[in-house]
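The following exercises concern the interior and the open spaces of a protein chain. Please work through each task with the structure in view before reading its solution.

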Amino acid sequence: LTTSGELLEDKLVNQEIEKGLLLEFKKDSDRVLLGVAQRPDGKKNWMVYDQNGVTSSIKPQQITYIVPGVENFDHAEISKFLQKAQENLDPTLLEIAWVELLEKNASVTAEELAEMIFGSSEPLESYCAHLLLSKDEVYFTVLATKGSRTIYGPRPTGQVEELLHKKLAKDASEKELQDFVQLLVSAKAKAALAKPSKSSWMVDEKIQYKIESLEAYAIDACKSDEQRKTAGMILKAMGLTKTASSALNLLINIGYFPVHVNLDLLKLNILTDHSDEIIAAAESLLSDSSDSDEMNREDLTHLKVYAIDVDEADELDDALSATKLQDGRMKIWIHVADPTRYVEPGSMVDREALRRGTSVFLPTGTYPMFPEKLAMEGMSLKQGELCNAVSVSVILHSDGSATELLHLNLEEEAELKILSEAAALRLKWRRQQGAIDTSTLEARIKVVNPEDLEPSINLYVENQADPAMRLVSEMMILCGEVVATFGSCNNIPLPYRGQPQSNIDVSAYSHLPEGPVRSSAIVRIMRAAEIDFRKPIRHGVLGLPGYVQFTSPIRRYLDLLAHYQVKAFLRGESPPFSAGQLEGMASIVNMQVRVVRKLSASSLRYWIIEFLRRQPREKKFRALILRFIKDRIAALLLVGLQASAWVSIGSQVGDEVEVQVEEAHPRDDVLYLKEVLRN
């Protein structure tokens, strides 16, 4: 035992490496191994046979301890030596030695400590003392090191107490981690139906924090370094790489996430369920029978009303009526659901709708802008019931008949014939005004029981040029033009939409086949839509002098704003919002709408690729060549999805080719197609 610096230096005499010495060395940053020196390797390095039976070359600076009193150690005995050393390790002996050395203010080597606590400095006892000192984080600190020789000194009492406190906390934390890892291992091993429910991970606060840290890591959304560190420790303890995909697969394997979990839904922080507070507020609105517009309502129950369902919503936003006037002109009615009968600007339910901006329609389900009961029971138009609506009427000049009637089988329905005729005339008129046809083929997917391992996928491809689709879209566009004209005539601030198309020469695309091929080429160069809140602006794509979206107020907040403004005018009141206020709200809404569009597109693509993944390898699909990307690599339209593949010489833009699915991985957004060559 030493107290003087001079003697301290004497103890640091380094031992030369010789063949047969038993030594401890650092294999890498995480591992310390025991091995026997075999032979020199170059000038300074030594070949060492380690406890795992591996021979490797080590540098002198890798050696952390040379076991004293050993010559020509038999490497076959390393494991036995290690086992005996582990059996002798008693950390309480270290505390006893610390008390004694602190009183004497003395330093100690491993061999001296061995004499103190074991009464011997034989090789085994010396190595045990070295292990106790080198692994100790509480009682001793390193005073000096030279090569493989180290001298330790006792820490002050206050420091030891602080370190003990930290060690207890660390030990408790490690125990918690090990217990959690056991839960994960157990959950992984269970059959799919026997795995613990998601809610069971939320019962204990500490378990909840760990599982939420893993979830945040899986979606790249860690809120703090601590959360990231926690997830990393869990993955390491599970023997997994520290990657988002490792965390995702682990959460799927324990049943916390379904196999087809929508990561974008989580990453983009989309609002899904409504809070209890919002639902309660919505239900109280339903029970309120007062109607501030009662005096202004007109009874239109004499009209025959049609609703043609062409989209994903459960609620019904709009319906149509038509009559022919005596002079031959057509009078069209567009009846739009009236949610502002229930919701007032600035109310709790309105503010929540503003926050959401839009309903979210995904293959796996719908997340409505308004609570479902309010939307379905109060706001939605319903068959056979007296409904409140905002009805827009317009008289069209008659100058021809429609050729699409036969496709719709409308011979018995006079009013539908008028509507179909009106739609055809409107489309013709809009095209004369420069409207651009961007209709294409769109995939629609409904996934039943999306949390199952193999959910049922119902896919169909919708042609936007279909007569029924055309009829509805033309009437909705007509309504938008009428509202814009009405707003302009009465100086009502509204979200007037426009799209400048001065840069598009449609004739440059006339050589392309009409439909999806031509549409995709034009859409790729179209400029972004604009909104003016004071006056209408030209909508070049639709061929209209002005346009306001008005027909989906239950699912689009900007449509709802237009309803607030127009209905206030009809009541003889000032509009609730100025143009500047509308602009501020629209910027919030449009930001959310862009996020939702991104989510909808990625979700649709995921499920189309999953649908294709499940098809038999030999199944053939018809794909439409939209354009050539490079050489013979073509952009294809396949079941409403854009993909690419090499196509043979002779194939042209607009041709259909037969393809087979080579590989499909929805999680990685990978789809490899191969053309089926005809013999």
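**Exercise 1.** In this predicted model, determine which residues of the largest nonpolar core touch the most other members.

*Solution.* Begin with the membership: the core holds 34 residues. Those that touch the most other members are Leu-22, Phe-81, Leu-113, Tyr-127 and Phe-140. Next, assign the core to secondary structure: β2 (32-41), α2 (78-88), α3 (91-104), α4 (110-118), α5 (123-135) and α6 (157-189) each contribute at least two residues. Finally, identify the leading contributor, which is α5 with seven residues.

**Exercise 2.** State which residues Leu-113 contacts when its neighbours within four places in sequence are left aside.

*Solution.* Apply the contact criterion, heavy atoms within 4.5 Å. The partners of Leu-113 are then Leu-94, Ala-97, Val-108, Phe-118, Ala-129 and Leu-133. A second core, separate from the largest, comprises 32 residues, among them Ile-332, Leu-416, Leu-419 and Leu-425.

**Exercise 3.** Describe the second largest pocket: what is its volume, and which residues lie closest to its centre?

*Solution.* First, the volume: the pocket encloses about 1,400 Å³. Second, the lining: 42 residues form it, and Cys-387, Asn-388, Ala-389, Val-390 and Ser-391 are the closest to the centre. Third, the elements: at least two lining residues come from each of β9 (330-337), α13 (372-379), β12 (389-396), α16 (467-489) and α18 (557-570). The greatest share belongs to β12, with five residues. Fourth, the composition: the lining has 22 nonpolar, 10 polar and 10 charged residues.

Notes. Residues are numbered from 1 along each chain as its sequence is written. This is a predicted model: local features need pLDDT of at least 70, side-chain atom pairs count only at pLDDT 80 or more; totals for chains, interfaces and linings use all residues. Side-chain values use heavy atoms; hydrogens and water are left out. On a 1 Å grid over the protein atoms alone, a cavity is a set of points where a 1.4 Å probe fits but cannot get out, and a pocket is an open set with protein on both sides within 12 Å along at least five of seven lines; lining residues have an atom within 4 Å of a point. Grid points are joined across faces, edges and corners, and a volume is the space filled by probe spheres set on the points. Helices (H or I, at least four residues) and strands (E, at least two) are DSSP runs, numbered from the N terminus. Ala, Val, Leu, Ile, Met, Phe, Trp, Tyr, Cys and Pro count as nonpolar, Asp, Glu, Lys and Arg as charged, and the others, Gly among them, as polar. A nonpolar core is a set of buried Ala, Val, Leu, Ile, Met, Phe, Trp, Tyr and Cys residues joined through side-chain atoms within 4.5 Å. Buried means under 20% relative accessible area, exposed over 50%, partly exposed in between (1.4 Å probe, protein chains only).
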